[in-house]
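Biologist: Hello! I am new to this one, so could you show it to me and then let me ask how you know what you say about it?

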Amino acid sequence: MKVFEGMAKVDDRGQLFLDEPLSLKSQTRVKVILSIDDDEADSDDTPVEEVQGSLKQALQEARAGERIPLEQMWEGIDAE
């Protein structure tokens, strides 16, 4: 199996239009796998009230001495 990668647009009828033509024989059957950027999954979509509440809680915990040492913050996080 050969793999080709390119960009395309989808119109309002759901039709897929490639930015560049494929160099394949006419009438070749292909398998299409789509990868779509999900703008709705953007972390900036967190409501302001939720962010403010989280910051208030963090400040209260810090004032009460409820802190996690920096070296422990990375435990269990697979940072590459």
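**Questions about a predicted model**

Modeller: Gladly! Let us start with Gln-27, which has a relative accessibility of 83% and so counts as exposed. Please keep in mind that this is a predicted model.

Biologist: What makes Gln-27 count as exposed?

Modeller: The cut-off for exposed is over 50% relative accessible area. Gln-27 has 83%, so the label exposed applies.

Biologist: Where is Gln-27 found, and what is its phi?

Modeller: Gln-27 sits in the loop between β2 and α1. Its phi is near 65°, which is a positive value in a residue other than glycine. A glycine with a positive phi can be seen too: Gly-65, just after α1, has a phi of about 80°.

Biologist: How many of the residues count as buried?

Modeller: Of the 80 residues of the protein chain, 0% count as buried. Buried means under 20% relative accessible area. The protein chain exposes about 8,800 Å², with 50% of it supplied by carbon and sulfur atoms.

Biologist: Which pattern does the protein chain follow along the sequence?

Modeller: The pattern is β-β-α-α, made from two helices and two strands.

Biologist: How do you know that the span of α1 is close to the expected one?

Modeller: Helix α1 covers residues 48-63, which is 16 residues. The expected span is 1.5 Å times one less than the number of residues, and for α1 that comes to 22 Å. From first C-alpha to last, α1 reaches 23 Å, so the two values are close.

Biologist: What lines the largest pocket?

Modeller: The lining has 29 residues, and Phe-4, Gly-6, Leu-18, Val-32 and Ile-33 lie nearest the centre of the pocket. By class, 16 are nonpolar, four polar and nine charged. Strand β1 gives the largest share, three residues. The space in this pocket is about 1,200 Å³.

Biologist: Which element has the lowest mean pLDDT, and which the highest?

Modeller: Helix α2 (residues 70-73) has the lowest, at 79, and β2 the highest, at 91. For the protein chain the mean is 81, and 89% of the residues reach 70 or more. Where pLDDT is low, the predicted coordinates should not be read in detail.

Technical notes: Residues numbered from 1 in each chain as written. Predicted model: local features only at pLDDT ≥ 70, side-chain atom pairs only at ≥ 80, totals over all residues. Heavy atoms only, no water. 1 Å grid on protein atoms, 1.4 Å probe; cavity = no way out; pocket = protein on both sides within 12 Å on 5 of 7 lines; lining within 4 Å. Points joined across faces, edges and corners; volume = space filled by probe spheres on them. Helix = DSSP H or I, 4+ residues; strand = E, 2+ residues; numbered from the N terminus. Nonpolar A, V, L, I, M, F, W, Y, C, P; charged D, E, K, R; others polar. Buried < 20%, exposed > 50% of the residue type's maximum accessible area, 1.4 Å probe, protein only. Areas by Shrake-Rupley, 256 points an atom, 1.4 Å probe, with all protein chains shown as cover. pLDDT = per-residue confidence, 0-100.
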